[in-house]
Structure formats: structure tokens, C-alpha cells
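Please walk me through this structure in the viewer, one selection at a time. I would like to know what to click on next and what I will find there.

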Amino acid sequence: GDPHFVLSNSTCDNQTLAANGTCTFDITATAPAGCNPGDPFGPAPVQVIGTFPSLKFYIDLVVQGICPF
């Protein structure tokens with residue numbers, strides 16, 4: 001994936017969720033070197049994979065960042 005977006009602290013990956021269960025994760029965005037304030041960077045795909053008794057589920061996200069001012 002894109003090194004500017006890091007998925008961490010996932011309680012979803014390869015876990016079995018109960019009915020109405022939840023899981024959480026963090027995505028950290030780090031602006032690339034030389035990024036001009038206000039310019040976008042990305043987009044990048046992020047995928048979290050889990051299971052629900054006998055089914056595999058995917059949370060597919062596309063993330064984008066904005067260079068800080």
C-alpha cells in the first residue's frame with residue numbers, strides 16, 4: 001500500500017464478529033516530503049479483512065490526505 005497511510009490498532013483483521021459486533025482500527029496519514037500546504041496526497045486503498053461465522057468480510061476504504069498548512 002501507500003506508505004503515507006498506515007493502518008494500525010485493528011481489532012477487525014481475521015477476527016470473528018458476533019451478530020451486531022463491532023471492530024475498530026486507526027489510519028494514520030503522513031504528508032510526503034515537499035508537500036505544499038493544502039495540496040492533496042493519495043488516494044490510497046485500505047482493506048480490513050474479518051470473518052462473520054462462516055463468511056469473510058472486507059471493509060474497503062479509499063483514503064486521501066491534505067498537506068498541513
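Start by selecting Cys35, which is partly exposed at a relative accessible area of 24%. Here buried means under 20% relative accessible area, exposed over 50%, and partly exposed in between, with a 1.4 Å probe and protein chains only. You are looking at a predicted model, in which local features need pLDDT of at least 70 and side-chain atom pairs count only at pLDDT 80 or more, while totals for chains, interfaces and linings use all residues. Residues are numbered from 1 along each chain as its sequence is written, and side-chain values use heavy atoms, with hydrogens and water left out.

Now add Cys67 to the selection. A disulfide joins Cys35 to Cys67, with 1.3 Å from S to S; the term covers a pair of cysteine sulfur atoms within 2.5 Å. Cys35 sits in the loop between strand 2 and strand 3, and Cys67 in the segment after strand 4 (55-66), so the bond ties together parts that are 32 residues apart in sequence. Strands are DSSP runs (E, at least two residues) and helices are runs of H or I with at least four, both numbered from the N terminus. Unlike its partly exposed partner, Cys67 is buried, with a relative accessible area of 1%.

Stay with Cys67 and show its surroundings. Leaving out residues up to four places away in sequence, Cys67 touches Cys35, Asn36, Pro37, Gly38, Asp39 and Phe41, where contact means heavy atoms within 4.5 Å.

Next, select Phe5, Phe41, Ala44, Val46 and Val63 together with Cys67: these 6 residues make up the largest nonpolar core. Such a core is a set of buried Ala, Val, Leu, Ile, Met, Phe, Trp, Tyr and Cys residues joined through side-chain atoms within 4.5 Å. Strand 3 (residues 40-52) gives the largest share of this core, 3 residues. Apart from it lies another core of 5 residues, including Cys12, Cys23, Val48 and Phe57.

Two of those names lead to the next stop. Which cysteine forms a disulfide with Cys12? The partner is Cys23, and their sulfur atoms are 2.1 Å apart. The link is right-handed, with 95° about the S-S bond. Both Cys12 and Cys23 lie in the loop between strand 1 (5-8) and strand 2 (26-29), 11 residues apart. Cys12 counts as buried at 1% relative accessibility, and Cys23 is buried too, at 19%. The structure holds 2 disulfides, and their pattern is 1-2, 3-4 when bonded cysteines are counted along the chain.

In the loop between strand 1 and strand 2 you can also pick out Asn9. Asn9 has a positive phi of about 55° although it is not a glycine, and it is exposed, with a relative accessible area of 55%.

Then move to strand 3, where Pro43 is found. A cis peptide bond joins Gly42 and Pro43, with omega about -5°.

Finally, zoom out to the whole chain. The protein has 0 helices and 4 strands. Its C-alpha atoms fill a box of roughly 45 × 15 × 15 Å, taken along the principal axes. Of the 69 residues, 20% count as buried. Residues 24 or more positions apart account for 54% of the contacts with a separation of 6 or more.
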